[in-house]
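Biologist: I'm new to this one, so could you put it on the screen and let me pester you about the words you use for it?

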Amino acid sequence: MAASTHTVTNQVPPLVGYDVFAGDRALTEAVERHLAPGILREAQEELSTLGRAAGSAQAQEWGAQANENPPKLRTHDRYGHRVDEVDFHPAWHRLLGHAVTAGLTDAWGREGGHVRRAAGFLVWTQAEAGHGCPLSMTHAAVPALRTDPALAAEWEPLLTSHVYEEGLRPAPQKAGALFGMGMTEKQGGTDVRSNTTRAEALAADGEYLLTGHKWFCSAPMSDGFLVLAQAADGLSCFLVPRVLPDGSRNPFALQRLKDKLGNRSNASGEVEFDGTWARRVGEEGRGVRTIIEMVAATRLDCVVGSAALMRQAVAQAIHHSAHRSAFGGLLIGKPLMRNVLADLALESEAATTLALRLAAAYDADTEQERAFLRIAVPAAKYWVTKRCSAVVGEALECLGGNGYVEESGMPRLLREAPLNSIWEGSGNVQALDVLRALQREPGALDAFLREVGKARGADHRLDAAIKDLLTELADLEAVEARARRLVERMALVLQGSLLLRWAPPEVADAFCASRLGGDWGSAFGTLPHSLDLATVVERARAGES
């Protein structure tokens, strides 16, 4: 075959060797906006270091290897003893170790910790999303453990440590530990109050033996787990260590690992408890209330994780279009492609801006901000995670056939995209959670409307959307059937308000015209042609300019 047929032209170079943090203007501006001046420079340097690592060829290779070599369950050793371990490819451990070292499980005890961690989580997830699960739950376990000061004193320093130690040993012998969670069961799923796992009290105060099963046990290689089980006074929360203080293995029989659509590098398992030792966390009968703060924190990570997937997909689409020529010019210069890219960029920036605003509310930790989070987190979780699949699918299409090939990395993003809309409560659960807050907690709605109202008068389309939203909120009778529509509008109004306050006029104008003003079609790439779309696209471009 003639060598001339192998001449490669018009192929796009890989998006590699760039600073994922510094190249994301929406994210860098959010960090600068929400962090105090005294810690800003240090945080920016940390995030840029992490951003360069995330954009490196090495991290990209680790992500590919971890997904090509999924975890394997090892139930027994060669002699027939149960060990119930999960073996991971070395790339998984390198990714997880880098994340822990970067402080992605450490937010609760340092100034600006939630904004710093959310920004880092958004950056590092773009290298590989699967290992975000143990990072998220380890971080989120802290507020639940704080309901028991003794447990918090024992475990919190390990969970917030910047040292990663793989392998199962008694927790006190490790410099850092990871946590997982077990809530759902075969017969109940999200309806955790139907759980059948039993907890029988022992003589020692707060100690129990558990018998039952968990249909989904997240991150089963972790050092400890928060689980729900039925005690004498009702559903309660328990801490289950994998290894007991004497070094023996706690009964924790892994039945199988789930064969999932995406999230291939991460292990999710089914586990059986049979006389499994546990310590109660919080009061008996108040398990949901105890674990709810963990759930709220992981829901925020669903928003951040989806924003990360969107950002990486949009960055890849814009990068491809900036280097690929067709019909006499670069794709990025074609009006219709520019419209698609700008539309995707709007969705990505709105998600990032909202995610960091929620993280900042956690850092503020005032009564007003806690009330705001009560509605804003489930509303954001509902909407942002649902937009993720649509954004990633359209971004993949921007690469054409190349995007459909595994080597591009886009199929991995697409398979990962639906996860966050399902994990920690799917769409209906989030919509109903917003309704509960509206009906039972008037302060939550007041805090939400105060936040949205900070941009009132800045754009007539936002003002009209707020007016329509207030009309909907005035009639909550038989609201369940229209809950999704209501929560969608709440999320969009909140995003529009934030962008009007903080984004460049071109971005805010395009968002309000399309998402709030109705000048938008049913697919991406249907923005009004009169908008400044080139500026929106250029703002979202990663890597070199």
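Modeller: Sure, let's start with Glu 61, which sits in helix α3. Before that, some ground rules: this is a predicted model, where local features need pLDDT of at least 70 and side-chain atom pairs count only at pLDDT 80 or more, while totals for chains, interfaces and linings use all residues. Residues are numbered from 1 along each chain as its sequence is written, and side-chain values use heavy atoms, with hydrogens and water left out.

Biologist: What makes a stretch a helix or a strand here?

Modeller: Both are DSSP runs, numbered from the N terminus: a helix is H or I over at least four residues, and a strand is E over at least two.

Biologist: And why is Glu 61 called partly exposed?

Modeller: Under 20% relative accessible area is buried, over 50% is exposed, and partly exposed is in between, using a 1.4 Å probe and protein chains only. Glu 61 comes out at 40%, so partly exposed is the label. In space, its C-alpha is 8.3 Å from that of Ala 91, although the two are 30 residues apart in sequence.

Biologist: How do you know that the length of α3 agrees with what a helix should span?

Modeller: The expected span is 1.5 Å times one less than the number of residues. For the 12 residues of α3 that gives 16 Å, and the end C-alpha atoms are 16 Å apart, so the two agree.

Biologist: Which residues of α3 are buried, and what puts them on the same side?

Modeller: They are Ala 59, Trp 62, Gly 63, Ala 66 and Asn 67. These residues cover an arc of only 125 degrees around the axis, which puts them on the same side of α3; the arc is that of the directions from the helix axis to the C-beta atoms. In general, an α-helix has 3.6 residues a turn, so residues three or four places apart point the same way. The face of α3 turned away from the buried side carries the exposed residues Ala 57 and Glu 68. Covering the buried residues are, among others, α2, α4, α5 and α11.

Biologist: α16 next. Why is α16 said to be largely enclosed?

Modeller: Of its 20 residues, 15 are buried, so the rest of the structure largely encloses α16. Its span checks out too: 28 Å is expected and the end C-alpha atoms are 29 Å apart, which agrees.

Biologist: Is Ala 491 in that helix buried or exposed?

Modeller: Buried, because its relative accessible area is 3%. Ala 491 lies in α16, residues 483–502. Leaving out residues up to four places away in sequence, Ala 491 touches Ala 379 and Trp 383, where contact means heavy atoms within 4.5 Å.

Biologist: What makes something a cavity and not a pocket?

Modeller: Both are found on a 1 Å grid over the protein atoms alone: in a cavity a 1.4 Å probe fits but cannot get out, while a pocket is an open set with protein on both sides within 12 Å along at least five of seven lines. Lining residues have an atom within 4 Å of a point. Grid points are joined across faces, edges and corners, and the volume is the space filled by probe spheres set on the points.

Biologist: How many cavities are there of 30 Å³ or more?

Modeller: There are 3. The largest is about 90 Å³, and α9 gives the most to its lining, with 4 residues. The second largest is about 70 Å³, with α8 giving the most to the lining, again 4 residues.

Biologist: What classes of residue line the largest cavity?

Modeller: Its lining has 3 nonpolar, 3 polar and 5 charged residues. Ala, Val, Leu, Ile, Met, Phe, Trp, Tyr, Cys and Pro count as nonpolar, Asp, Glu, Lys and Arg as charged, and the others, Gly among them, as polar. The second largest cavity has 6 nonpolar, 2 polar and 2 charged residues in its lining.

Biologist: Which element gives the largest share of the lining of the second largest pocket?

Modeller: Back to α3, which supplies 6 residues. That pocket holds about 1000 Å³ of space and is lined by 38 residues, with Glu 406, Glu 407, Ser 408, Gly 409 and Met 410 nearest its centre.
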